[in-house]
Amino acid sequence: MKSLLTIFTLIFCITSVDVTANNYDLEEVVVEPFKDVIHRTGKLDFKRTLNLSFKSNGYLSQLSVDEGDYFEKDQLLASLDVAELKAQKNSTYSQLLQAKRDVKRITQLMENNLSSEQELDVAVTKVDTLRANYKIAFYNLQKAQVIAPFSGVVLARYTELGELQSPGREILKVAALKDNWVVKVALTGIEVSQVRLNQKVQVKLHSIGMIEGVISRIPAIANTQGQLFMIDVLLPELPIGRGIVAGQIADVKIEFSSNDFVYRLPIEALVSVDENGNALVMTQLNQENSIVQQAFDIYKLDNNFLYLYANQRDKPLSVVTSGWQHMNVSVQ
């Protein structure tokens, strides 16, 4: 954009206007911050997904969900055959009980000077070790089940009943439904500089209509393809059973306001663009009540409006919006 020194440059080429007809319309335009709307299409997706797995070894004995199924928080999703894990827990517990009896026996022997402090220390250490082993065995038995950490949906299933599972092997890929729906939208470098975190955005989904979202993520760098910036628009919890699936196309409308000041004119007020790229516009000089043609630096053009550079304290302009075609312009 042009420097502040060139903002709202009036180029009087000076031209006089012979108004041969009075059927023209004037509109007063004032200085205002530049506002615009970004219209984009994006894809519905999940902000976060989670891969679920077992902590322990064992054969898969139960799987209560499949791809596309919804589940509730704390629901049992999968479990292993726990016969071996229960045997390990019980064996460790029996060893722990025996180690505690040994400590009690050695303590009694020491009262009669029939044992030593060293033997007691060894026995106590064994109790501590077996207690820790018992806690591990009990924990592994608990982790032979996969419990839903939240209400959500199954995105993928990676195993079958009867398969041997190993620690860390993925069995299900899931996603939460609350505060996890986002629309991913690609913006240019200029556009991404005009949006902000937590800014409200209008999103239209074809199955449920218009809803309001907020910008929850703005990347620090562009992606490698096309040098675009992929932002996330966080949506509220969407209703289940309304045809909402990840990958759907969504229409996004982002309104923003910048720190630049402009005159916003109807596009019909534009007479032409001169060889220097300035907009030629008919204006009325208040002090003379006469029509003149002036040239202004263009900030932006779109299908509906012409935006001209301005300073915040500039006075309003009286602009001819229609009928200028009937005016004869001569350069003095």
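**Exercise 1.** State how the radius of gyration of the protein chain in this predicted model relates to that of a compact globule.

*Solution.* A compact globule of 332 residues would have a radius of gyration near 20 Å. The protein chain has 37 Å instead. Next, consider the box filled by the C-alpha atoms: along the principal axes it spans roughly 125 × 45 × 30 Å. Finally, 37% of the 332 residues count as buried.

**Exercise 2.** Determine what share of the contacts with a separation of 6 or more comes from residues 24 or more positions apart, and identify a salt bridge that links distant parts of the chain.

*Solution.* Residues 24 or more positions apart account for 74% of these contacts. Among the eleven salt bridges of the structure is the pair Arg-264 and Glu-32, whose closest N and O atoms are 2.8 Å apart. Arg-264 belongs to strand 16 (residues 249-266) and Glu-32 to strand 3 (residues 31-46), with their positions 232 residues apart in the chain.

**Exercise 3.** Classify Asp-232 as buried or exposed, and describe its salt bridges with Lys-184 and Arg-217.

*Solution.* Residues under 20% relative accessible area count as buried. Asp-232 has 2%, and is therefore buried. Its side chain meets that of Lys-184 in a salt bridge of 3.1 Å, N to O. Because Asp-232 lies in strand 15 (residues 229-234) and Lys-184 in strand 12 (residues 181-187), this pair ties together parts 48 residues apart in sequence. Lys-184 is partly exposed, at 25% relative accessibility.

Arg-217 also forms a salt bridge with Asp-232, the closest N and O atoms being 3.1 Å apart. Arg-217 lies in strand 14 (residues 209-217), so the pair joins parts 15 residues apart in sequence. Arg-217 is partly exposed, at 31%.

Methods: Residues are numbered from 1 along each chain as its sequence is written. This is a predicted model: local features need pLDDT of at least 70, side-chain atom pairs count only at pLDDT 80 or more; totals for chains, interfaces and linings use all residues. Side-chain values use heavy atoms; hydrogens and water are left out. The radius of gyration is taken over C-alpha atoms; the globule rule is 2.2 Å times the number of residues to the power 0.38. Buried means under 20% relative accessible area, exposed over 50%, partly exposed in between (1.4 Å probe, protein chains only). Contact means heavy atoms within 4.5 Å. A salt bridge is a side-chain nitrogen of Lys or Arg within 4 Å of a carboxyl oxygen of Asp or Glu. Helices (H or I, at least four residues) and strands (E, at least two) are DSSP runs, numbered from the N terminus.
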